[in-house]
Amino acid sequence: MNATPIRLVSPLRGLVDVYLQEMKIAVAQQIQYRAANYMYMLGMVAEPVVYLVVWQTVAAQQGGSVAGITAGQFAAYYIVWTLVRNINIVFTPYGWEERIREGRLSAQLLRPLFPIVEDLGFFLGWKPVVMLLWLPIAFFLALIFHPVLNPSPLAVAVFAVSLLGAYLIRSLNQSSLGLITFWTTRVGPVFQLYIAAELLLSGRLVPMQLMPAWVQTLANFLPFQWTFGFPIEALVGNLSTAQLLGGLLAQLFWIVIGSILVRVVWRFAVRRYSAVSG
Amino acid sequence: MRPLRLAWLFFRVGALNDLQYRANFWLQLLQSAIQLGTGLAVLGLIFSQTPALNGWSAPALLAVMGVHILMGGVIGVLIRPSMERLRSDIRDGTFDFVLTKPEDVQVLSSVREIRVWQGVDILVGLVVLGVAIGQLQESLGPIEAVAFGVALVIGALMIYSFWLVVTTVAFWIVRIDEIAELFEGVYQSGRWPVTIYPEWLRVSLTFLVPIAFAVTVPAQALTQRLTPETLALAAGFGVVALLVSRAFFRIGLRRYSGASA
């Protein structure tokens, strides 16, 4: 008997391979659907353009600036916003809802892999495509709205790293939220509450400086602002070195919390799972 | 009157179907409440910085928001469900079953699905409008009320034409699921009067995606900003939109080839 021995790879290498393959699949798939991707992105651009126009109008009426933010800075904020928003597209709780309701999780459970790894890898692989498609949109928005920003090299570097941090925090939180569907089958209302909280507490709706002081204080105790406000401000907000690096640390903190939360919720949730046929 | 009878029939069947799931009412109410809360928070933020936005006072903007929610409800109940069904039918080849029925294809495709509980938004929109009208200084006469109703119907028909044209694209490009996202995104711009937007955007939101006619014009009727010329323009453009979308749908129909089924 000369059976070839199964080649064993270290668990870490195996995991890295899985991520790389998921990313490759995502790139190949999303490149195919360019038109669909563009529609999705254009729909998403409407949101910040509306905020931007409204606040530029207010700024113009107030003699050029609102709470110290000028029209040009608003433009910079909301244009960078569009990139951050695209980076922040993650597997939503609705995806989990479908996966569990239709029993498709059964197949995934058979694989020797934590299911969230697949989602993380796939959506990460989507990002290069998204960034490429984003460039022309940013170019046109910049032509129209005249953004003003002058980031330091450190700010640019921190911004780049913080995008990954934002992606991870949002992915982990939404995965935990998605796992609720093991109990309820309808996640819509909970997710909507989450999105409403995110809108108000993350800098997604308006730069946090415009919020009342108590809202800003509240936001400091929650993960939301590290997924929108911080990455954007890192690039456009002229933050100090301490603020920049401290922000990355805060992101790391919320990534750790998010990872633990997903693990714990998963452990309880998966016991509840049952599928008919599948 | 045959199309109307058909629509009414489908409406009743759809309503009976949806009414079995009462819990959905509360879920929808919660969703609407969350959205309303966020919208009010934004208005609060803006008016904490400025007394009026481009000549629109807080109650006037509240009226715009009311119309926006109301129209969103109409779209959610009557327009979007059928269009989404049409889209998936074209993709899956099950559109055959519509074509074989002895009715006008466009009418049948446009009235087949409704979602009753989305109607909560219509109620919420009306309540917001009521509050806004109560706060407005100007009195509201019967002429304004009629103009408002007319503008609202015209606006809804235009949004329908827009959805029909966009959904018809499915005959050529198969995967257009994101159209819904695109529309939802763009529809958010209707929360503000289109007059605040820069020229290019205002024109797009008027003639490309008829949000100006669907939301701003009815709101103008309520806040005494509407001129007869604008209403006439809306009516004229509405007729054109209906005719063009019907013609386009017929062209698309020729492209259809049933897969499997």
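In this predicted model, chain B has a radius of gyration of 19 Å, which agrees with the value near 18 Å that a compact globule of 261 residues would have. Along the principal axes, the C-alpha atoms of chain B fill a box of roughly 60 × 40 × 35 Å. Of the 261 residues in chain B, 42% are buried. Among contacts in chain B with a separation of 6 or more, 84% are made by residues 24 or more positions apart. The secondary structure of chain B consists of eleven helices and zero strands, so that the order of elements from the N terminus reads α-α-α-α-α-α-α-α-α-α-α.

Two loop residues of chain B have positive phi values. B:Asn54, a residue other than glycine, has a phi near 55 degrees and is placed in the loop between helix H2 (23-47) and H3 of chain B. B:Asn54 counts as partly exposed because it has 16 C-beta neighbours inside 10 Å, where 20 or more would make a residue buried and 12 or fewer exposed. B:Gln224, likewise not a glycine, has a positive phi of about 55 degrees; this residue lies in the loop between helix H10 (211-222) and helix H11 (228-255) of chain B. With 15 C-beta neighbours inside 10 Å, B:Gln224 is also classed as partly exposed.

The largest nonpolar core contains 139 residues, and those with the most contacts inside it come from both chains: A:Phe74, A:Val80 and A:Val84, together with B:Ala63, B:Val64, B:Ile159 and B:Ile211. Helix H3 (residues 58-92) of chain B supplies the largest share of this core, 18 residues. A second core, separate from the largest, has seven residues, among them A:Leu177, A:Leu179, A:Val187 and A:Phe191. When residues up to four places away in sequence are not counted, A:Phe74 touches A:Leu52, A:Trp55, A:Gln56, A:Ala59 and A:Ile69.

Between the two chains, 29 residues of chain A are in contact with 31 residues of chain B. On the side of chain A that touches chain B, helix H2 (34-61) and helix H9 (188-201) of chain A each supply at least two residues. The largest share of that side, 15 residues, comes from H2(A). Sorted by class, the side of chain A that touches chain B comprises 21 nonpolar, six polar and two charged residues.

Helix H6 (residues 115-145) of chain A has 31 residues and, at 1.5 Å a residue, should span 45 Å; the distance of 42 Å between its end C-alpha atoms agrees with this. H6(A) nevertheless has a kink of about 30 degrees at A:Trp134, shortly before the proline A:Pro136. A:Trp134 is also one of the buried residues of H6(A), which further include A:Ile116, A:Asp119, A:Leu120, A:Gly121, A:Phe122, A:Phe123, A:Leu124, A:Gly125, A:Trp126, A:Lys127 and A:Leu141. Among the elements covering the buried residues of H6(A) are helix H1 (11-32), H2, helix H3 (71-87), helix H7 (153-179) and helix H12 (241-269) of chain A. H6(A) is followed by A:His146, which has a positive phi near 50 degrees.

Note on methods
Residues numbered from 1 in each chain as written. Chains lettered and ligands numbered in written order. Predicted model: local features only at pLDDT ≥ 70, side-chain atom pairs only at ≥ 80, totals over all residues. Core = buried A, V, L, I, M, F, W, Y, C linked by C-beta atoms within 7 Å. Helix = DSSP H or I, 4+ residues; strand = E, 2+ residues; numbered from the N terminus. Contact = placed C-beta atoms within 7 Å. Nonpolar A, V, L, I, M, F, W, Y, C, P; charged D, E, K, R; others polar. Expected span 1.5 Å × (residues − 1). Bend = angle between axes of the 7 residues up to and from the residue. Rg over C-alpha atoms; globule rule 2.2 N^0.38 Å.
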